[in-house]
Amino acid sequence: MAKISDKDLNAVTRRIATISNHLLLPISSGSNSGSSGGSIGLCNAFMDDSYHRIHGEVASHEVEWKSACDEYDKEFTDIIYEKAVGEGIAKITINRPERRNAFRPQTIKELIRAFNDARDDSSIGVIILTGKGTKAFCSGGDQKLRKADGYADFEHFGRLNVLDLQVQIRRLLKPVIAMVAGYAVGGGHVLHMCMVSSFFLSVFDLETIKLVGPKKAREMWFLARFYTASEAEKMGLVNAVVPLEKLEQETIKWCREILRNSPTAIRVLKSSLNAVDDGHAGLQELGGNATLIFYGTEEGNEGKTAYVQHRRPDFSKFPRRP
Ligand SMILES: CC(C)(COP(=O)(O)OP(=O)(O)OC[C@H]1O[C@@H](n2cnc3c(N)ncnc32)[C@H](O)[C@@H]1OP(=O)(O)O)[C@@H](O)C(=O)NCCC(=O)NCCSC(=O)CCC(=O)c1ccccc1C(=O)O
């Protein structure tokens, strides 16, 4: 009987893996049996190419959370703010389960503080927003505090400061992932859409139209029905649906996959994707990022150095590319 070498064995194993990969039917997105993210994971396990050999599997160890605070070191009452030990993930949890995580102005102020901190912390590359418990991600504005001029908790006037939060998430050039267990209603639904890219809730709600198409958007807003997670996935409202017990594990996997990629590329990608819809503000953001990249070049540095040295800049050595 011929003896097979380790090298040959590896080659055979890889060949079988490649063939299995071709034979494997991907789990269609929208299936109840798992997430589209899960199906990607399944295929990855069988993929035999240099990319997968070099990058390997996404780490699957449990994440260790540590309580975090912002520069003011003031305690949070309405949210829980945590960072993963040794990896660039921040997690912000709306902590009002007794009201299905409805937000009041105080909740929004704390969310804004936590998002600011996560934005400014250069060790953080991705942010998770979630709700405490499994009944609701967020049930929107706290209706018990709603007044004629907005929501009022500790002040004499009403606020709609969730709009500031929506803009902040839009402008924050790190990916924000909504980890949704349970209901996402009203302003809570808008918030989770911000993670994929929402800006305004208006009568014609442009973001919903873009995500689900004009017919479905009309159905959603005119009928105001509740949709299940898998219906939301089919409509393109959410990226993946997984069993509840796997929700955090799958979210962390997505975070780790994002963290493998170039932070600058992700930053520019997020601003490019927003620019399409954000008009002047979007182009400003994109232009700002081009400036940031230019600052890092030798050519950009020549301009600044010449200014500081009171001389004319010499740009002659830099190519005028086609
Ligand atoms: C979410 C439910 C479907 C969950 O139902 P269920 O599991 O049966 O729980 P309940 O028994 O109903 O609730 C338990 C407990 O929580 C209280 N509660 C739930 N939601 C809220 C809420 N939103 N505000 C205050 N309190 C809430 C509930 O009263 C119970 O407490 P008790 O003490 O036992 O009474 C269901 O709860 C439900 O339908 N909730 C209401 C959903 C809703 O109407 N949301 C508000 C939509 S309007 C909005 O969000 C405004 C958005 C906004 O701020 C905005 C404004 C202007 C421009 C833009 C925006 C924007 O973009 O967001």
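**A buried turn and a five-stranded sheet**

N101 is buried: 29 other C-beta atoms sit within 10 Å, and a residue counts as buried once that number reaches 20 or more. In this predicted model, the place of N101 is the loop between β3 and α4. The backbone there does something a little odd, as N101 has a positive phi of about 60 degrees even though it is not a glycine. D73 shows a similar quirk, with a positive phi of about 55 degrees, and it is not a glycine either. The setting of D73 is another matter: this residue is found in the loop between β1 and β2, and it counts as exposed because it has just 6 C-beta neighbours inside 10 Å.

Stepping back to the whole chain, the secondary structure adds up to 12 helices and nine strands. Of the 322 residues, 27% count as buried. Among contacts with a separation of 6 or more, 64% link residues that are 24 or more positions apart.

How sure is the predictor about this picture, and what is the mean pLDDT of the chain? The mean is 87, and 82% of the residues reach 70 or more. Residues 21-42 are a weak spot, with pLDDT below 50, although this stretch still has 33 contacts in the model beyond near neighbours in sequence. Residues 197-204 also have pLDDT below 50, and here the model has 14 contacts beyond near neighbours in sequence. For the complex, the predictor gives an ipTM of 0.96 and a pTM of 0.84.

Now for the sheet. Five strands form an open sheet in the order β1-β2-β3-β4-β8, and the pairing is mixed. β1 (65-67) and β8 stand at the edges with a single partner strand each, so one side of each has no neighbour in the sheet. Direction ignored, neighbouring strands of this sheet are turned by 30 degrees against each other on average. In general, strands of a sheet pair through backbone hydrogen bonds, and they can do so either parallel or antiparallel.

Both kinds of pairing turn up here. β2 (residues 79-84) and β3 (residues 89-94) run antiparallel and are joined by five bridges, with I79 standing opposite I94 in β3. Moving along the sheet, β3 and β4 run parallel, and six bridges join them. In that pairing, K91 stands opposite I128 in β4. The next step is parallel too: four bridges join β4 (residues 126-131) to β8. I128 appears again here, since its bridge partner in β8 is I177, while T130 stands opposite M179 in β8.

What about the surroundings of β4: how many of its six residues are buried? Six of the six are, so β4 is largely enclosed by the rest of the structure. V126, I128 and T130 point one way from the strand, I127, L129 and G131 point the other way, and all are buried. β8 (residues 176-179) may stand at an edge of the sheet, but both of its faces are covered. V176 and A178 on one side are buried, and so are I177 and M179 on the other.

The route from β3 to β4 passes through a helix: β3, α4 and β4 make a right-handed β-α-β unit. D121 lies in the loop between α4 (105-120) and β4. With 16 C-beta neighbours inside 10 Å, D121 counts as partly exposed. Its C-alpha atom is 9.7 Å from that of A90, although D121 and A90 are 31 residues apart along the chain.

Another helix, α10 (residues 247-259), lies across β3, β4 and β8, and runs at about 170 degrees to β8. α10 has 13 residues and reaches 18 Å from its first C-alpha to its last, close to the 18 Å expected at 1.5 Å a residue. Which residues of α10 are buried? They are T251, I252, K253, W254, C255 and R256.

Notes
Residues are numbered from 1 along each chain as its sequence is written. This is a predicted model: local features need pLDDT of at least 70, side-chain atom pairs count only at pLDDT 80 or more; totals for chains, interfaces and linings use all residues. A residue is buried if 20 or more other C-beta atoms lie within 10 Å of its own, exposed if 12 or fewer, and partly exposed in between; C-beta atoms are placed from the backbone. Helices (H or I, at least four residues) and strands (E, at least two) are DSSP runs, numbered from the N terminus. Two strands pair if DSSP finds at least two bridges between them. Two residues are in contact if their C-beta atoms, placed from the backbone, lie within 7 Å. The expected span of a helix is 1.5 Å times one less than its number of residues. Axes are lines fitted to C-alpha atoms, for helices over the stretch in contact, and angles run from 0 to 180 degrees between N-to-C directions. pLDDT is the predictor's confidence in each residue, from 0 to 100. A crossover is right-handed if, with the strands pointing away from the viewer, the path from the first strand over the helix to the second runs clockwise.
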